[in-house]
Amino acid sequence: MKLIKLFLATFSIISMATACQEATKKEADINIQENFITVTSLADFKNYINKDNVKIKLKEGNYQIDDAEKIRFIEITGNNSYYNLTGVRFMVDTKLFSRKDLEKSDDGNSMYCAIEISGNNTTLEGLYIETYGDTPGRQSKNKIFNLVGENVTLKNVEVRTTGSNPWGYGSLYGLGGGDVRKMNGIRIGYPAKNVKLIGCKVHMRAMGHAIFLQGAENTLIEDCHVDGLLRTTDAILAETSGYGFDRNFYAKKPRHSHKKGYVEGTIIGEDGKILPGEIVSLSEDGIRMYPEYNGHKTKNTTIKSCTVTQMRRGICTGLSSSGDKVIDCVVRNCVATGFNVGNEDVLINCSADAKFAEAVCIPYTNAKNASVEINILDSRNGLANNLLAKINGTGHHVVLKTADNNFIPDTMAIKLSVWEGYGNFNPKAKMHATNIKLENKTTAKVMLFEGAKNNDIKSEGEVKNIVTHM
C-alpha cells in the first residue's frame with residue numbers, strides 16, 4: 001500500500017510538472033503570437049514595410065498585385081523586422097513589368113521586381129508568389145525577389161515564374177537583349193551581406209535564372225530546391241507556327257564565334273540551324289554566381305542540401321571571385337553541366353547525373369586548387385552527351401564515384417585539357433590540365449588530351465593519352 005501511495009504521489013508530481021511545462025509553452029506561444037500585428041489586407045501590410053522593429057502577420061489568403069507605383073512593386077525597407085506570410089499567396093500580373101509610367105529606383109539599377117528587401121536584419125517567411133499572364137516585360141532583368149540588405153533571411157518562400165519571351169527555346173535566341181525578355185527568380189545583390197535563403201523553392205516556367213548572386217558576400221543557401229522544364233529540338237522542329245518556325249529554325253548566332261555550333265549546352269549547325277536529336281533547358285541556371293556587380297565582388301557563398309533539376313547549369317560557382325562551398329547537393333537532368341566549378345571551390349558529398357551534359361566541369365584554364373567529390377547518378381537513357389566530367393586548370397583534387405557502374409554508359413568519358421562542353425570562351429586560352437589529382441572510382445575511361453601533364457591519376461577505368469595533330 002505504501003508503495004502504491006508513493007507511486008501515486010510521484011505520478012502526481014510528474015503530471016503537475018508536465019502540465020506546468022505545457023502551460024508555460026502555451027503561454028510562450030501566445031506571447032509570440034501577441035507580439036505579431038495581424039493585418040487583413042495588402043494595403044494594411046504595406047503600411048508596415050518601411051517600419052523598424054515590427055512583427056507583421058498577413059492573414060492567410062490570395063492577394064492580387066496588379067498595380068504599383070514603382071518598378072520595385074513592394075519595397076521592404078524596415079530594419080529588425082519580421083514578416084510572416086505563411087499561408088499567403090501573392091499573384092503578380094506580368095503586365096506590371098512592362099509599365100513605362102512606374103517610378104524608377106534611385107540605386108542606378110533599372111530592373112523591375114515584385115519584392116525588394118533592402119532593410120537590414122529582416123526576415124520574410126512563408127510566402128507563395130507567382131506571376132500570371134504571359135506579357136513579357138520591358139527588359140531581361142525582371143525578377144521576383146531582389147535582396148540587397150544585410151542579414152536578410154528568406155525562409156520557406158515558394159516562387160513560380162511566367163512571362164518571358166520567346167518562351168520555349170531556352171538560350172537558342174540569345175541570353176538578353178533583342179527580343180529576349182526574362183523573368184528571373186531570386187537575386188541577391190550588392191550591398192547584400194549575410195543573406196540566408198532557407199527552405200525556399202523556385203519553379204522556373206520562364207526564361208531566366210532561378211537563384212543568382214551579384215556582388216553579395218557571405219551568402220547561405222540551404223535546403224532550397226529549383227526545377228525547370230526541358231524540351232527536345234525534335235519538338236521545336238515539329239512546330240508549324242511560332243517564333244522558331246518564323247525564323248526557319250535558325251538559332252541566334254552564338255556570341256562566341258570560335259565555339260560555332262554550341263549554344264549553352266545544345267549543339268546546333270555551324271550555320272546556326274537547330275538540329276534534331278538535341279535538348280534545351282527552357283530556363284537558365286539553377287543556382288549561379290556572377291563574378292561581381294559594379295566592381296563589388298561576389299564572395300564566400302555556401303550552398304548546402306539543395307537540389308536542382310532540369311535547368312541549363314545546375315549549380316554554378318565557377319564564375320565567383322572566391323572559393324565557394326557546396327555541400328550535400330544534388331543536380332539532375334541539366335543540359336550544360338551539373339556542377340560548374342572554379343577557383344578554390346569545394347564540393348563535398350555532391351551528386352549529379354550526366355544524362356544531357358557532363359555531371360561536373362572545371363572548364364577554366366586559370367582555375368586552381370578546387371576540391372571536388374561527386375557521386376555519379378544514373379546517367380542512362382540520356383540524350384546528346386558522352387562527356388562524364390571535364391577538368392582543366394591546375395592543382396585540383398577530384399574524386400568521382402558511383403553506387404553502380406551500370407549507371408554510366410560505356411560511351412561516356414572523363415576528359416582532361418579539352419575545349420569540349422561548357423566553358424572555354426576565351427579563344428586565346430591555352431588549354432591545359434596540370435598537377436591534377438584524380439581519383440576515378442568508376443569504370444569510366446579517362447582521356448588525357450594535349451596539355452594534360454604532371455597529373456596523379458588513380459582510375460578503375462582505362463586511362464588513355466590522346467594525341468591530336470593540328
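Two strands pair if DSSP finds at least two bridges between them. With that in mind, here are some close-up views of this predicted model.

**View 1. Strand 28 and its partners, strand 23 and strand 31.** Let's begin with strand 28 (residues 313-316), which pairs in the parallel sense with strand 23 (residues 287-289) over 2 bridges. Strand 28 also runs parallel to strand 31 (residues 337-340), and 3 bridges join these two. Look for Ile315 in strand 28: Ile287 stands opposite Ile315, while Phe339 in strand 31 is the bridge partner of Ile315.

**View 2. The largest nonpolar core.** Phe339 appears here again: this core has 99 residues, and Phe90, Phe145 and Phe339 touch the most other members. Take Phe90 as your guide; leaving aside neighbours within four places in sequence, its contacts include Leu42, Tyr63, Ile74, Leu127 and Glu130. Another core, of 12 residues, lies apart from the largest one, with Tyr243, Phe249, Ile268 and Ile274 among them. In soluble globular proteins, nonpolar side chains tend to be buried together.

**View 3. Cys224 and Cys200.** Why is there no bond between Cys224 and Cys200? The closest cysteine sulfur to that of Cys224 belongs to Cys200, and at 4.6 Å it is too far for a bond, because a disulfide needs sulfur atoms within 2.5 Å. Cys224 counts as buried, at 1% relative accessibility.

**View 4. Cys306 and Cys329.** Cys306 is in no disulfide either, and the nearest cysteine sulfur, that of Cys329, is 4.7 Å away. Cys306 counts as buried, with 1% relative accessibility. By the 2.5 Å rule, the count comes to 0 disulfides.

Methods:
Residues numbered from 1 in each chain as written. Predicted model: local features only at pLDDT ≥ 70, side-chain atom pairs only at ≥ 80, totals over all residues. Heavy atoms only, no water. Buried < 20%, exposed > 50% of the residue type's maximum accessible area, 1.4 Å probe, protein only. Core = buried A, V, L, I, M, F, W, Y, C linked by side-chain atoms within 4.5 Å. Contact = heavy atoms within 4.5 Å. Helix = DSSP H or I, 4+ residues; strand = E, 2+ residues; numbered from the N terminus.
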